[in-house]
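Work through the exercises below with the sequence and the model at hand, and try each task before reading its solution.

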Amino acid sequence: MQSFEIELGGRKLIVEHGKMAKQASGAVLVRYGDTAVLVTATMSAEPREGIDFFPLTVDYEEKMYSAGKIPGGFIKREGRPPQSAVLKSRLIDRPLRPLFDKGMRNDVQIVATVLCFDQDNAPEIAGMFGASCALAVSDIPWAGPIAGVRVGRIGEEFIINPTVEQTEKSELDLMVAGSRDAVMMVEAGANELPEDVILDAILFGHEEIKKLVAFQDEIVAAVGKPKKEIQLFAVDEEIDKAVREFVTEKINVAVRNPDKLAREEALKAVADETQEHFAEQFPESTKAIGSVIHDVTKEIVRRMITHEKIRPDGRGLEEVRPIECEVGLFARTHGSGLFTRGQTQVLTITTLGAIGDEQIVDGLEPEYTKHYLHQYNFPGYSVGEARPMRSPGRREIGHGALAERALERMIPPIEEFPYTIRLVSEVLESNGSSSMGSVCGSTLSLMNAGVKIKRPVSGVAMGLVKDGDAHTILTDIQGMEDALGDMDFKVAGTTEGVTAIQMDIKVAGINREILSDALAQAKRGRAFILSKMLETISEPAPDLSPYAPRVRIVQVPVDKIREVIGPGGKVVNKIIDETGVQIDIHDDGNIFVTSPDLESIEKALKMIENIVHEIAVGEEFNATVVRIINIGAFVELLPGREALCHISQLDRRRVEKVEDVVKIGDKLDVKVTEIDDKGRINVSHSALMEPSAGGDHRPPRPPRPSGGGSSGGSARRLGRESTAESERRQQFVQQSIGG
């Protein structure tokens, strides 16, 4: 075993080779702080037959034992990877893939397994470095190495691989990967930062990447294997020449059709004609002919863009496709926005839920909750295909996370808008940049729902075509420009700055000049798109949908929370049963009451306020008799709050038996006379009796009937008997005075 060490972000990064997984083509154990990730790279011995793509798979495996946890559920075993693992797999995949020869057909698999987790030292950083290192020391042909770092910003200072505490203070969360010569991948969320700050952060991270690449060169020199000679897919020169002569002019005409479906149909017709034409001359060469057709199409489109400055649909380089926006499409949804840009159309629906509808995220990190969720769906019909409807794939998860990040910092805090917010973007049509379409549609939908976002967000996808040292940047790329170009650079933000970035490069990388030009051009594109959106809805709706729940918050002392909950939840469940509301109680004493019915909310709030009310001496209550004992009656002043009315306090005259005055269920007006040091409350009914004009005392107020049953009848009889006796007594007094 050999060990190599370097400092990264003020902490040691250690690479161990030759100790674990020695049968893999390449394997390294990367230690970063207390984080440890085993990364392996393997390749199949033979190329896969019948495919026209490079079969690379990257798996990032989060093992719960690495954080000292046992998986939940009945099985107690890791199953389907969580969303966090899918996103990190994509992060590792994206800078690796462009550096493989496009003619490779051997399966290559990268597996990054988190063995030990230290949340201050991100395992995805170790995983990306380990993936590059494992490939570099293996016998797998590859044009690396690469590396990646995370960049934060606190004040004016950039920080490499910030800790959790630093991340909470940072206004930037940027992941950048690249080779020694160029940046290849960027993923970022920002708090409306200017483009020049974003650019400086990317290049700051790239300087650290250069050191990590040089470090890998040392490792390869020490333990690297010679690269294998493998069979690459290549087209026979005779086939290439013949097919090119036959299809070039036909494709040149077909690609200039501005309509996507018509263009695809024309290109398919050319492909079918070409395959049929060469079926006898080049039998069993379907894949080779198809490859030549693809290459010719790519060359023609790139030449149109770089030399003729013409795009397939006839637009200018910075021209955005026609935009249409609509909000409030449906009566019962809480908010909706339809964003159409050319042949890309996204419908986003907003749903407002109670705080209790929050998502609980349980992974390697400490468990946390999310109150803002964005999900993205890409059905087959959006591109005119018939395919099975399956659960979200890596692409859907990645695009949803990007749109969520773009809007996340614009969502009002839970204290100002106490709702769980779920956005679902349905891609109805797609011809490029559907992820940025979902950002725009989501902004429209949020404002339609009445969510008081900080500022509206728009997004645009930028493209790049490089021709030697020259480059051409495209605004609002469509599908063909994405597929045949060199860059997909998505930028989202407000009028104040950038909120999210995602960049993927298909060539060796791009430099500062290209990045700067792309960011500046994207800013102009975002501003134009936002202006069209604001023509439809310029600010959030003043009121929520009548079908959206209403939320009220009541703050109670922390030591009163248990009283609101009650034994086994008895008290809070009673409130829920009687009012139909949803109640979420937080440890800080905030209680969120949610219901579409405001009357039910007010009723529940009143019940909660009664429970936590601090009873004081001298207060009067219309209490309910709940228990009777020999020395008096227990009455309920407020829900769960009982007091004793002693038998001597039931009447000004002597009472022989409690039941002679009250029964269980009777209503009784009482006054608090004493609260002892143990919190026990004594009340009096007789204290509320009024003296008579003759100096004697009136009898006690008759107990109020409870509304039914024999006890109510008893109360009414007691009332009549007391009145008769009072009249007799008054008559006797008057006679005595008169005598």
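**Exercise 1.** Decide whether Asp93 is buried or exposed, and which class its salt-bridge partner Arg97 falls into.

Solution. The model is a predicted one, and the first step is to take the relative accessible area of Asp93, which is 11%. Because buried means under 20%, Asp93 counts as buried. The second step is to turn to the partner: Asp93 forms a salt bridge with Arg97, with 2.8 Å between the closest N and O atoms. Arg97 has a relative accessibility of 33%, and it therefore counts as partly exposed.

**Exercise 2.** Carry out the corresponding assignment for the salt bridge between Glu563 and Lys560.

Solution. In this pair the closest N and O atoms are 3.6 Å apart, which lies within the 4 Å that a salt bridge requires. Lys560 has a relative accessible area of 8% and is buried, whereas Glu563, at 31% relative accessibility, counts as partly exposed.

**Exercise 3.** Identify which parts of the chain are tied together by the salt bridge between Lys88 and Glu62, and find the network to which these two residues belong.

Solution. Begin with the distance, which is 3.4 Å between the closest N and O atoms of Lys88 and Glu62. Next place the two residues: Lys88 lies in helix α1 (residues 83-96) and Glu62 in strand β5 (residues 56-62), so the salt bridge ties together parts that are 26 residues apart in sequence. Both Lys88 and Glu62 are buried. In the whole model the count comes to 47 salt bridges. Through shared partners, Glu62 and Lys88 are joined with Glu124, Arg150, Asp173, Glu365 and Arg405 into one network.

**Exercise 4.** Describe the lining of the second largest cavity by residue, by element and by class.

Solution. A search of the whole structure finds two cavities of 30 Å³ or more, and the second largest holds about 30 Å³ of space. Its lining is made up of Leu8, Leu13, Ile125, Ala126, Phe129, Gly148 and Leu212. Helix α2 (residues 123-137) gives the most to this lining, with three residues. Sorted by class, the lining of the second largest cavity has six nonpolar residues, one polar residue and no charged residues.

**Exercise 5.** Find which residues have the most contacts inside the largest nonpolar core, and list the contacts of Ile110 beyond its neighbours within four places in sequence.

Solution. The largest nonpolar core has 154 residues, and Val108, Ile110 and Phe489 are those with the most contacts inside it. Helix α4 (residues 195-223) gives the most to this core, with 12 residues. Once the neighbours within four places in sequence are set aside, Ile110 is in contact with Val39, Thr40, Ala41, Leu56, Thr57, Val58, Asp59, Leu96, Ala131 and Leu135. Another core, of 21 residues, lies apart from the largest one, and includes Ile615, Val625, Val635 and Val672.

**Exercise 6.** Locate the backbone features at Pro145, Ala21 and Lys76.

Solution. As background, most residues other than glycine have a negative phi, and most peptide bonds are trans. The peptide bond from Gly144 to Pro145 is cis, with omega near 10°, and Pro145 sits in the loop between α2 and β7 (147-154). Ala21 has a positive phi, near 50°, and belongs to the loop between β2 (11-17) and β3 (26-32); with a relative accessible area of 34%, Ala21 is partly exposed. Lys76 likewise has a positive phi, of about 60°, in the loop between β5 and α1, and at 48% relative accessible area Lys76 is partly exposed.

Terms used. Residues are numbered from 1 along each chain as its sequence is written. This is a predicted model: local features need pLDDT of at least 70, side-chain atom pairs count only at pLDDT 80 or more; totals for chains, interfaces and linings use all residues. Side-chain values use heavy atoms; hydrogens and water are left out. A salt bridge is a side-chain nitrogen of Lys or Arg within 4 Å of a carboxyl oxygen of Asp or Glu. Helices (H or I, at least four residues) and strands (E, at least two) are DSSP runs, numbered from the N terminus. Buried means under 20% relative accessible area, exposed over 50%, partly exposed in between (1.4 Å probe, protein chains only). On a 1 Å grid over the protein atoms alone, a cavity is a set of points where a 1.4 Å probe fits but cannot get out, and a pocket is an open set with protein on both sides within 12 Å along at least five of seven lines; lining residues have an atom within 4 Å of a point. Grid points are joined across faces, edges and corners, and a volume is the space filled by probe spheres set on the points. Ala, Val, Leu, Ile, Met, Phe, Trp, Tyr, Cys and Pro count as nonpolar, Asp, Glu, Lys and Arg as charged, and the others, Gly among them, as polar. A nonpolar core is a set of buried Ala, Val, Leu, Ile, Met, Phe, Trp, Tyr and Cys residues joined through side-chain atoms within 4.5 Å. Contact means heavy atoms within 4.5 Å.
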